[in-house]
Number of protein chains: 2
Amino acid sequence: MRITLAQLNYQIGNFEENQQKMLDAINKALEQKSDLIIFSELAVCGYPPRDFLEFNDFIEQCMAVVNTLALASTNIGILVGAPTRNPNIEGKDLYNSAYYLYEGKIQKILHKALLPTYDVFDEYRYFEPAKDFDIIHHKGYKIAITICEDMWNVGNNNPMYTICPTDEVMVQHPQLLINLSASPFHYKHAAERIEVAKANVARYKIPLFYCNQTGAQTELIFDGGSLVLNALGAVYDEMPFFVECVRTYQLTDILAGLYTEHALGEEYKEPAAMIYEALLCGIKDYFNKSGLSKATLGLSGGIDSVLTTVLATHALGADNVHPILMPSQYSSEHSISDSELLCHNLGLQYSIIPIKEIYDKYITTLLPTFGEKAEDLTEENLQARIRANILMAYCNKMRYILLNTTNKSEAAVGYGTLYGDMCGGLGILGDVYKTQIYDIARYINRTNEIIPINCIHKAPSAELRPGQKDSDSLPEYSVLDKVLYQYIEMRQGPKEIIAMGFDDKLVHRVLKMVNSAEHKRHQTPPILRVSPKAFGSGRRMPIVAKYLMT
Amino acid sequence: MRITLAQLNYQIGNFEENQQKMLDAINKALEQKSDLIIFSELAVCGYPPRDFLEFNDFIEQCMAVVNTLALASTNIGILVGAPTRNPNIEGKDLYNSAYYLYEGKIQKILHKALLPTYDVFDEYRYFEPAKDFDIIHHKGYKIAITICEDMWNVGNNNPMYTICPTDEVMVQHPQLLINLSASPFHYKHAAERIEVAKANVARYKIPLFYCNQTGAQTELIFDGGSLVLNALGAVYDEMPFFVECVRTYQLTDILAGLYTEHALGEEYKEPAAMIYEALLCGIKDYFNKSGLSKATLGLSGGIDSVLTTVLATHALGADNVHPILMPSQYSSEHSISDSELLCHNLGLQYSIIPIKEIYDKYITTLLPTFGEKAEDLTEENLQARIRANILMAYCNKMRYILLNTTNKSEAAVGYGTLYGDMCGGLGILGDVYKTQIYDIARYINRTNEIIPINCIHKAPSAELRPGQKDSDSLPEYSVLDKVLYQYIEMRQGPKEIIAMGFDDKLVHRVLKMVNSAEHKRHQTPPILRVSPKAFGSGRRMPIVAKYLMT
């Protein structure tokens, strides 16, 4: 038997295009004399469809795609993810299902049992968990079908769940395990995925075909990396990351324990390289799927806007990125010279629009109202907001999208101006700590100096008042980022973090800054997620609250 | 036996203050010779605590409050909502529990079974559902304890759930049913609550004590309205809406079917009146719980900013509200005159800050970049963003909070400028359709003309170009709002809405506008929720998607 994995990049709710992609993959599989083609979880509508699932019309359109695919299954088995209506009156309205299509019709529908409802996942919001488990029979083989999370409780070792779907289905002695996934990237995820896949094979001693989707859905980035493991737990093939891939495998080869030249084709790259590639994917798909192509941003010569410029250029091409330099009276000379050098290195056109005259006009306009009140944060925020207004005017007039350059350290402690530097259609670096930003910059410069070295070496500054440095108001990033990581990613409280050896006062100060900035983060653009715990839908905090605020 | 209901307004994570409020209520109950005091769901930390629940430290602080309350239970039973750690390895880490405290210690802990995971609710994200059901014995009475949603599946008539906790617990023949709730307001909710309470009593023929929290938690507004029903299903008492209330009841009176003078003390007001009161509560608590007092907003003389000004003044007092009038070359004369009349009626100080000079400076600054490109939406957005920048500068300098005046109809179709009129700390009207805004304005004017009648009668206009009217680019609000209601609140698709008699093209156009504006709504402030389906955490839509976009 030949089996095809179809690792595709779907657009949510774009039924026509998703269907055409799947039909093309089926044709390719048929050319390769495949007997079974596997698509990913909720492939017909793209994952995650979120509350679109609450619309009957949306479910009907999903069903129409399934029915069209069924018609294409005359000579090939098809496994495809789609929602199913729950026929029982009680319970959630839908199941998250795998459809087995063959000989022109729906042969069997199997449902997902483990519904992730944590971090960015809301599956129990929509779906009833499966209570029955079954296999399919295809071309003489007994095949166990599972969906994504169902595979992540190997031998019931995941404390989150009380049942183990793979154990349940194994009582029917399948010869093969298939998993339809939609499992988003973070920089530790590819390694975890291989580990879980191997643990399944180690337990059940049968080959595994794992099909993931690829491409970004706004902030969630799916890396693909679909897998075939032989019954000994060796990786027979790993599909490339962040691209579509359709490949057909000879099952007898896999059962015989052979290898392909693709086995672990993606070396396990350092986090900086993985994040770099994920961010390119996130930028590309945000633009492609929105039908847009052109990006702008405020380029200050600081490392965040510099890195964002490089990423945007690598993702969209030099013709599609137009930075704007907006010096003020507080801008350093290297702000302009470093930015111009970067644009030169990347082959970018750019504009210089000084803000001083507009700034002065605001000051004189506000003078009758403010009187003799001393300068304070107001004037700093004003500069950031004038820049945002110029950038948005450029976007409106020229049909560009503004990229947001806020990093995770700043977003965490609220070091940014709402409606100023916190503006943009998409947050490129909002899940990347400042210290990681330097890692990625060095990765980009690994063969030649794309990023002017001065951008990496100079002390971070917002340049909103004379001689300002980030370190005037924030702890050093090398310490700050470690405290933030413990609080955000590891969900450790003040006692635990202090017990690790961090200064008592510093920890309380940082945690208070984070909790005080929820109202700002609530209004930021979607942030490309590259870590296990990003700001956005995966971290849901009260805004008006009083916890760790002293 | 005497029973006390304590309907209190908690602050999320403010353990010290929450504990003190509860201790004060216990003292009051003891003075009234009460035998049992009832607090609401998750009272120790306030509801909803969201991802704070994922921090051990947070759970420990909850437990510390429970233990302190236990020490105060020597002579009075206490029922209080708090999270409990799940002692089993498998399943979610926590239960959503009711603690029964008496004689100085924790006597029993009962868990919630029905965990709302829809709309604004995420309880299965955190909690394992109860599988066992039990009663408590207090002073010779057998009492069934349920938590919020547990009561909302009377006789298993709610299709969302497969078990009925009240049926389960009734096998032990309790003489009394108690419910600890945290049930947020929408304008249909008070009536639904009474109906569900009556259905429970009709089924079980025992009295019901229902304790809700009151006060707003950012966007969620809890109305209180705690209830006592006698065994015949008559409302013995209903507590007032949107205020704290501690009252003690003689159980023998209730068993005898007597009434109090408070029975249905809150007449069922028209929606406009209910929404008006809810919005005042939402504004008050946003400021009080943030430790803030002063609000500003851009007052254009249009009905949205006019109504927001009135609500803010009624909530915070005339001394705490300072509108800013920011005329441009396109502002009508009545923009200023209506606004000044309103401020006069309300006794408000205000500022006038014209934007033309700043606007002109932007235009000349941008001229080298834009060249001879024709005027378009850019210049309209620019005006809105200059106003936002002035308002935010005022907030920063004077320590005010900007109120957002966007209404639900505009928010739905994306008729607003990001970082312009979509700015603010809190969205006051974002869950109120334009047609409802006029209803509330008329309600406010019911006895005397607080709102200048011209504000109600003039045609809506953004006044961003000469002679502009909302109806130039939008359908009439009387039609638009009906289509939006069907799509947003009722989750009807295009086919269903067209079948109701709405024009085919209009429906497709409106739905496309709604789905195209997700990226804008993603960056709006939290919006006070007064309807069953508000923009915000209760409506989770993909941003980059292509559904109903043609």
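The following exchange concerns two chains, A and B, in a predicted model.

Biologist: What confidence does the predictor give to chain A and to the complex?

Modeller: Chain A averages a pLDDT of 95, on a scale from 0 to 100. In chain A, 98% of the residues score at least 70. For the complex, the predictor gives an ipTM of 0.96 and a pTM of 0.97.

Biologist: What makes the relation between chain A and chain B a two-fold rotation axis?

Modeller: Two copies of a chain are related by a rotation about an axis and a shift along it. Here the rotation that superposes chain A on chain B is 180°, the shift along the axis is 0.0 Å, and the RMSD is 0.0 Å. The two copies are therefore related as by a two-fold rotation axis. Within chain A, the C-alpha nearest this axis belongs to Gln523(A), at 2.1 Å.

Biologist: How do you know that the same surface serves both copies?

Modeller: Of the contact residues of chain A, 100% recur in chain B.

Biologist: How many residues are in contact, and what makes a pair count?

Modeller: A pair counts if the C-beta atoms lie within 7 Å. By that criterion, 76 residues of chain A are in contact with 77 residues of chain B.

Biologist: Which element gives the largest share of the side of chain A that touches chain B?

Modeller: That element is H10(A), with 13 residues. Helix H10 spans 377-398, and the elements giving two or more residues also include helix H2 (56-71) and helix H6 (271-290) of chain A.

Biologist: How do the residues of that side divide by character?

Modeller: They divide into 35 nonpolar, 22 polar and 19 charged residues.

Technical notes
Residues numbered from 1 in each chain as written. Chains lettered and ligands numbered in written order. Predicted model: local features only at pLDDT ≥ 70, side-chain atom pairs only at ≥ 80, totals over all residues. Least-squares fit on C-alpha atoms with pLDDT ≥ 70 in both. Contact = placed C-beta atoms within 7 Å. Helix = DSSP H or I, 4+ residues; strand = E, 2+ residues; numbered from the N terminus. Nonpolar A, V, L, I, M, F, W, Y, C, P; charged D, E, K, R; others polar.
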